[in-house]
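Reader: Please pick one part of this model and take me through it up close, then work outwards from there. Keep it chatty; I have the structure open next to me.

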Amino acid sequence: MQTEQAGRYEERDARQRQRLRAAAISAITEEGWVDTSIGRVCELSGCSELTFRRHYDDLSACLKDVCSDALERSRAAATEGWLAEHGWQRRLACGCLSLLRFAEREKDCSRVVLVESRRAGPALTDHLREALR
């Protein structure tokens, strides 16, 4: 019984984090990193600030989660493309094409990760560097 309830809480938390990430992407895309607030992210996500604080210490931590999630999903897309072909040249081309398709499909997310995250300061830049290793 407790395991089932714990599983429901984990699913709820995962949905909340996804809504907060999506709202952060929207807010940062609309307003830029510098002008985005936790309040705006909460407003767009439909979550309370208490819920935001349960998942993240601050907006930078939320952006770090956005970037980590995007890197994980883009890596999966590139890997899927790579594995779909044989021979390293075809694999490389297909992996790169899959990565570009991901960036096209996820325009706002890509902009936040590649452009706006650079404005968030050295801690996030270091996090991205480490995640890409």
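Author: Before anything else, a word on how the helices get their names: they are DSSP runs of H or I with at least four residues, numbered from the N terminus. Also keep in mind that this is a predicted model.

Let's go for the largest pocket. Its volume comes out at about 420 Å³. The lining consists of 19 residues, and those closest to the centre are Leu-71, Ser-74, Leu-99, Val-113 and Leu-114, so put those five on screen if you want to find the middle. Which helix gives the most to this lining? It's α4, with five residues. There is company, though: α4, α5 (88-105), α6 and α7 each put in at least two lining residues. As for chemistry, the lining counts twelve nonpolar residues, four polar ones and three charged ones.

Now step from the pocket to the packing. The largest nonpolar core has 25 residues, and Val-41, Phe-52 and Leu-63 have the most contacts inside it. At least two core residues come from each of α1 (2-31), α2 (38-45), α4 (59-83), α6 (107-114) and α7 (122-131). Here α4 is again the top contributor, giving seven residues to the core, just as it gives the most to the pocket lining. That fits a general tendency: in soluble globular proteins, nonpolar side chains tend to be buried together.

Phe-52 is a nice place to zoom in. Skipping anything up to four places away in sequence, Phe-52 touches Leu-20, Ile-38, Val-41, Cys-42, Asp-58, Leu-59 and Cys-62. One of those partners, Val-41, is also on the list of residues with the most contacts in the core.

Next, have a look at Ser-117, in the loop between α6 and α7. Is Ser-117 buried or exposed? With a relative accessible area of 1%, Ser-117 counts as buried, because the cut-off is under 20%. Leaving out neighbours within four places in sequence, Ser-117 is in contact with Leu-63, Cys-67, Val-112, Leu-124 and Leu-128. Leu-63 should ring a bell, being one of the residues with the most contacts inside the core.

For contrast, try Val-34, which sits in the loop between α1 and α2. At 67% relative accessible area, Val-34 is exposed. From the C-alpha of Val-34 to that of Arg-105 is 25 Å, with their positions 71 residues apart in sequence. Ser-26 tells another story. It belongs to helix α1, and at 31% relative accessibility Ser-26 is partly exposed. Ser-26 and Asp-108 are 82 residues apart along the chain, yet their C-alpha atoms are 7.3 Å apart.

On to the charged side chains. There are 16 salt bridges in the structure. In one of them, Glu-43 pairs with Arg-40 at 2.9 Å, N to O. Why might these two be placed to meet? They are three residues apart in helix α2, so about one helical turn separates them. Glu-43 itself is exposed, at 58% relative accessibility. Another bridge links Glu-104 with Lys-107 at 2.7 Å, N to O, and Glu-104 is partly exposed at 48%.

Down in α7, Arg-129 bridges to Asp-126, with 3.1 Å between the closest N and O atoms. Since these two are three residues apart in helix α7, about one helical turn lies between them. Both are partly exposed: Arg-129 has 48% relative accessibility and Asp-126 has 46%. Elsewhere, Arg-21, Asp-65, Asp-69, Arg-73 and Glu-106 are tied into one network by salt bridges that share partners.

Finally, zoom all the way out. The chain has seven helices and zero strands, so the pattern along the sequence reads simply α-α-α-α-α-α-α. Its C-alpha atoms fill a box of roughly 50 × 45 × 25 Å along the principal axes. Of the 133 residues, 36% are buried. And among contacts with a separation of 6 or more, 57% are between residues 24 or more positions apart.

How values were computed:
Residues are numbered from 1 along each chain as its sequence is written. This is a predicted model: local features need pLDDT of at least 70, side-chain atom pairs count only at pLDDT 80 or more; totals for chains, interfaces and linings use all residues. Side-chain values use heavy atoms; hydrogens and water are left out. A nonpolar core is a set of buried Ala, Val, Leu, Ile, Met, Phe, Trp, Tyr and Cys residues joined through side-chain atoms within 4.5 Å. Buried means under 20% relative accessible area, exposed over 50%, partly exposed in between (1.4 Å probe, protein chains only). Contact means heavy atoms within 4.5 Å. On a 1 Å grid over the protein atoms alone, a cavity is a set of points where a 1.4 Å probe fits but cannot get out, and a pocket is an open set with protein on both sides within 12 Å along at least five of seven lines; lining residues have an atom within 4 Å of a point. Grid points are joined across faces, edges and corners, and a volume is the space filled by probe spheres set on the points. Ala, Val, Leu, Ile, Met, Phe, Trp, Tyr, Cys and Pro count as nonpolar, Asp, Glu, Lys and Arg as charged, and the others, Gly among them, as polar. A salt bridge is a side-chain nitrogen of Lys or Arg within 4 Å of a carboxyl oxygen of Asp or Glu.
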